[in-house]
Amino acid sequence: MKKLNRPTLLFERDRDYKPTSRSEIEAVFGALFLINVKRGNRADINEFFNKNGTGLLTILANSLRFYDITTRQEPSISDKLAPIRTFHSAFVANCQSAYNVGESVIIDEMLVSFRGRCSFIQYMPQKPAKYGIKMYSMCDSQTFYTFNMIIYCGTQKPGPYETSNKPFDIVKTLTEPLKRTNRNVTTDNWFSSYPLAEYLSSVGLTFLGTLRKNKSEILDIFVTENKNLVPGSYLFGYNDTSTLVSYVTKKKKVVLVLSTLHDENEADDETGKPVQVMDYNATKGGVDTVDLMCSRISTSRRTKRWPMIIFFQYLDIAGINSMRIYQMNNCLETFVRRKYIFNLAMELMDENLRERAKIYETLDSKVKKNSETVNYRNAPAGAIEQSAPG
């Protein structure tokens, strides 16, 4: 058998590279957002360039890492999230420092679609993606601003990163920054329990959520006996700190809502439903809305690396969060997300385009003639007119 020589690869040696810059990284993010606006996250990247201009974008996107490659094996022994841990912690800290959530937050699960190699992929048949990386998220119920997140990675080895995956402990961790703020926390029946409601009351938070019917604290009169009532009827129960509502939605189906937010047994005048049920319906959809917004306009690209999937999801969430901050600061009631993302992409690419325009001025005249006109080369800083895509 003839021995084949190893082919010489482009950028095979360290000296073939040069250090990147902040403007180049921002330009990559801007390009991803711009492709996002055109809904081309699954299309070939070459389709978005008139000529072969994908070199820098492709190299930097493929080279993105969130850890020191020389020491990555050391923390990964005790931490499954070592490749993304530093970035995750910094991103969540920035989300919490940039915005104060409103009077009510929602905690729910989020599934990031991924079918590559990863030890903690989850199967969730009720989610559109079915397979992926599960995240627990806490969002503002009204503005859908994502305030805190936990990545589910299964059981960690004993050590500093060992955490509990019980619903009670997950809610306790997510609500840690909100203690003593008198905000309301809404959860679904997977998280909800009477001990959780009692704990949140003890740390200065109120609770609103649906309960599963197999909880030991629930009396039979709220479940079995109430099933025989007419749809639309309800039964109240209460103690010193909380109220429980058993609401018959249809024949032989009962929904249980536990609340420490309400202290009166009232029903809505228009619908006839208990106010606990009405308030739960009004605040329960924040995380699902964020998940839907991320799927409709997404920066995600095809990749086999699970840290990149999380990075793309965080990039989408960052776009939504920054849009909410911009909307609040400018007192805008209505806002078009697609136009905002387009302007955000242009702002991120602005500095790098100006640097490349200066290089353009030094090129040979023949090269200039064969290249496209660069609109940024003569424009003063901040004077670039940005128009929304058609």
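Which backbone oxygen does the side chain of Arg 324 reach? In this predicted model, the side chain of Arg 324 comes to 2.8 Å from the backbone oxygen of Thr 143.

**Overall composition**

The protein has 390 residues, of which 42% count as buried. Its secondary structure consists of 11 helices and nine strands. Among contacts with a separation of 6 or more, 59% are made by residues 24 or more positions apart.

**Surroundings of Arg 324**

Arg 324 belongs to helix α9, which covers residues 306-329. The residue is buried yet forms no salt bridge. Asp 140 is the nearest side chain of opposite charge, at 8.7 Å. A salt bridge requires a separation within 4 Å, so the distance of 8.7 Å to Asp 140 does not qualify. Polar partners are nevertheless present: besides the backbone oxygen of Thr 143, the side chain of Gln 327 makes a polar contact with the side chain of Arg 324. The distances are collected below.

| Partner of the Arg 324 side chain | Distance |
|---|---|
| Thr 143, backbone oxygen | 2.8 Å |
| Gln 327, side chain | 2.8 Å |
| Asp 140, nearest side chain of opposite charge | 8.7 Å |

When residues up to four places away in sequence are set aside, Arg 324 touches Thr 143, Phe 144, Tyr 145 and Met 293. One of these neighbours, Phe 144, lies in the loop between β3 and β4 (146-151). Phe 144 has a phi near 65 degrees, a positive value in a residue other than glycine.

**A further positive phi**

Lys 130 also has a positive phi, near 70 degrees, and is likewise a residue other than glycine. Lys 130 is placed in the loop between β2 (122-123) and β3 (131-140). Because its relative accessibility is 31%, Lys 130 counts as partly exposed.

**Nonpolar cores**

In soluble globular proteins, nonpolar side chains tend to be buried together. Here the largest nonpolar core contains 82 residues, and those with the most contacts inside it include Ile 133, Ile 151, Trp 306 and Phe 311. Helix α9 contributes the most to this core, with 11 residues. At least three residues of the core come from each of domain 1 (19-64 + 306-354) and domain 2 (78-296). A second, separate core is made of seven residues, among them Leu 208, Val 245, Val 257 and Val 277.

Leu 256 is also one of the residues with the most contacts inside the largest core. Beyond four places in sequence, Leu 256 touches residues including Leu 211, Ile 218, Phe 222, Val 223, Leu 244 and Val 245. Of these, Val 245 is a member of the second core.

Key
Residues numbered from 1 in each chain as written. Predicted model: local features only at pLDDT ≥ 70, side-chain atom pairs only at ≥ 80, totals over all residues. Heavy atoms only, no water. Helix = DSSP H or I, 4+ residues; strand = E, 2+ residues; numbered from the N terminus. Buried < 20%, exposed > 50% of the residue type's maximum accessible area, 1.4 Å probe, protein only. Lys, Arg positive; Asp, Glu negative; His and termini not counted. Polar contact = N/O pair within 3.5 Å; in protein donor to acceptor, adjacent residues only side chain to side chain. Contact = heavy atoms within 4.5 Å. Core = buried A, V, L, I, M, F, W, Y, C linked by side-chain atoms within 4.5 Å. Domains from an automatic or database assignment.
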